Every structure is written in structure tokens, then in C-alpha cells.
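Here are a few friendly notes on the aromatic rings, to read with the structure open beside you. Take the points one at a time and look up each residue as you go.

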Amino acid sequence: MSRHLHLATRPSLWGYALVRYLRSWWYMFHLGAIAIVTACSPSTYNRGTRLVTARYIHASTWQVLPWFTVLSALISVVIIRIVLVTALSYGLSRYALEMVVRVLVLELIPLSAALFAALRSGMAFDATALGLARAGLPTAEVNAEALRRLRRDLVPQLFANAFSVLSLAMVSSTIVLVLAYLNVYGLSPWGMPDYTRTVGRVFDPVVTTGFVLKTVLFGLTVAVIPTAAILELQRYPRRLASSVQPGALRLLFVLLLIEGSSLALKYI
């Protein structure tokens, strides 16, 4: 708080703060580019990397998939019932199923999956790396150890977080589609033609491509931003005064920015 108050009362420092802020964003994009290029390099895929990737996938996906699926299913049932009852009261019941698919499957579930992946595994590498910056080690040793962890953990986490977001979103979306059918048509098989026609109208090729791309971007965001934030803290230790998890606010901002851009491209 005192640092921000000091900055607000010193206009001469505003230019320096702007440069530092832009440099921080550039460092994040640069790290993301390095991670993607490294992920595309054949030399990355050795036995050690595969084992680390498998361990991260297990921690970020398999351990949270059952209870995330149950929780999303319970919340989805409540939302589906609210939408159906509201649409029926206004005489718009024929649009209820399409609204459920667009709101839940296309928008809420991928964003929820990204937030869950961030809370579960996206900060794990950073929490261990943050201990380096606070351990009082020399800067050269901190940078060397951070680089070693970057090479060892960043690409596996990139794959694991992207896989986690995709898996959580796809499994939960499938279950929500089944729940939507049961709530609208019950156990009768005669609603299948109308149901598949409605869902197919929503998931046209453009929307499906955008849905997959948005989910992949969520995974990359969860993997890159917290790691970039913690490595930047190791380069500039004076920024450790904040009690907020490094990269948390920026991660939330970018996730909402991706979601808002997706909505604007589809509906504006």
C-alpha cells in the first residue's frame, strides 16, 4: 500500500512505472513463446520429460476430475432447472435447451475448468520457486536453479495444464449435455432427433473451433502466467512485498479477457 501511495504522490515515477509494467507483460509473452517453441522441439521429448509430464497430468487432471465433475453436475442441474422454469413461464421453452448449451457448455464450464486447473496445479511450480527467492540465496544461484526448474517443469506443466483444462471441460460438458436432455425430455428416446438438431445448430464448425481454441488458450494461460510472474519476482526481489499470489490477478484478467473476446466474436 505504501509503495502505491508513494508512486501516486510522485508523478516523476509514473513513466518508470509504465515502462516496468510493459516490460512485465513483455516478459510474460516472451516466456510463453519460449515455452511453445520448446514444446515443439523434438529434443524436449525425452524419458525424463515424459515422466514429469505424466506426474503433472495425474496431479492436475486425474486427482480433481471426479469431484470437479460431480460439483459441476450438481451446479448445472440447478442452473438447467432455473432456465427451464423461467423459459416456460415466459412461453419460450423451445429456446431453453439452446440457451443451456450456449451458457453452460460453451462459456461457464471452460472458464470454471481453467480456474480449477489454476488453483490446483497452475500455482504449484510457482509456490516452490517462490521459496528460492525468499531463501536468501545469492542471485546467481537463484537464477540458475530457476532456469533448471524452468527447463524441467515448464513444458510438462504446459502440456499438463492444457490437458487438464481440456479434459475437465470436455468431460463436464458431456455430462451437462446428458443432464440437459434428461431435464427436457426425460427418459424418452423420442426427443433425440430434436435434441441432436438443436445441439448441432449450436455447435457449428465455427463455434466448435472457437470453443476448442478458447479452451487451449485457457490452458496456456494457466501454465505460463504464474510461472512468468514468479521468475520475474526472482529477477526483481523488491517486488516480494505484495501478499497476493504472484500472477493471480493477471491470470484472472487474461482469462476474463479471453472469455470476453470469445463472446464479442460470437455475438457482436
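1. Start with a charge and a ring: the charged end of Arg 250 sits over the ring of Trp 25, at 4.5 Å from the ring's centre. Please keep in mind that this is a predicted model.

2. A second arginine is placed in a similar way, with Arg 55 over the face of Tyr 56 and 5.8 Å from the centre of that ring.

3. Now for rings that meet rings. The count of aromatic pairs comes to 8. In one of them, Trp 25 and Phe 253 have ring centres 6.0 Å apart and planes at 75 degrees; the pair is edge-to-face because planes over 60 degrees apart count that way. This pair links distant parts of the chain, since Trp 25 belongs to helix H2 (residues 14-39) and Phe 253 to helix H10 (residues 248-267), 228 residues apart.

4. Are these two partners buried or exposed? Trp 25 counts as buried, at 14% relative accessibility, while Phe 253 is partly exposed at 45%.

5. Another pair to find is Phe 68 with Phe 116: their centres are 4.6 Å apart and their planes stand at 65 degrees, so this pair is edge-to-face. Phe 68 lies in helix H4 (residues 65-89) and Phe 116 in helix H5 (residues 96-122), so the pair ties together parts 48 residues apart in sequence. Phe 68 is buried, with a relative accessible area of 2%, whereas Phe 116 is partly exposed at 24%.

6. Finally, go back to Trp 25: together with Phe 29 and Phe 253, Trp 25 forms one aromatic cluster.

Definitions and conventions. Residues numbered from 1 in each chain as written. Predicted model: local features only at pLDDT ≥ 70, side-chain atom pairs only at ≥ 80, totals over all residues. Heavy atoms only, no water. Phe/Tyr/Trp six-rings, centres within 6.5 Å; stacked < 30°, edge-to-face > 60°. Helix = DSSP H or I, 4+ residues; strand = E, 2+ residues; numbered from the N terminus. Buried < 20%, exposed > 50% of the residue type's maximum accessible area, 1.4 Å probe, protein only. Lys NZ or Arg CZ within 6 Å of the ring centre and 35° of its normal.
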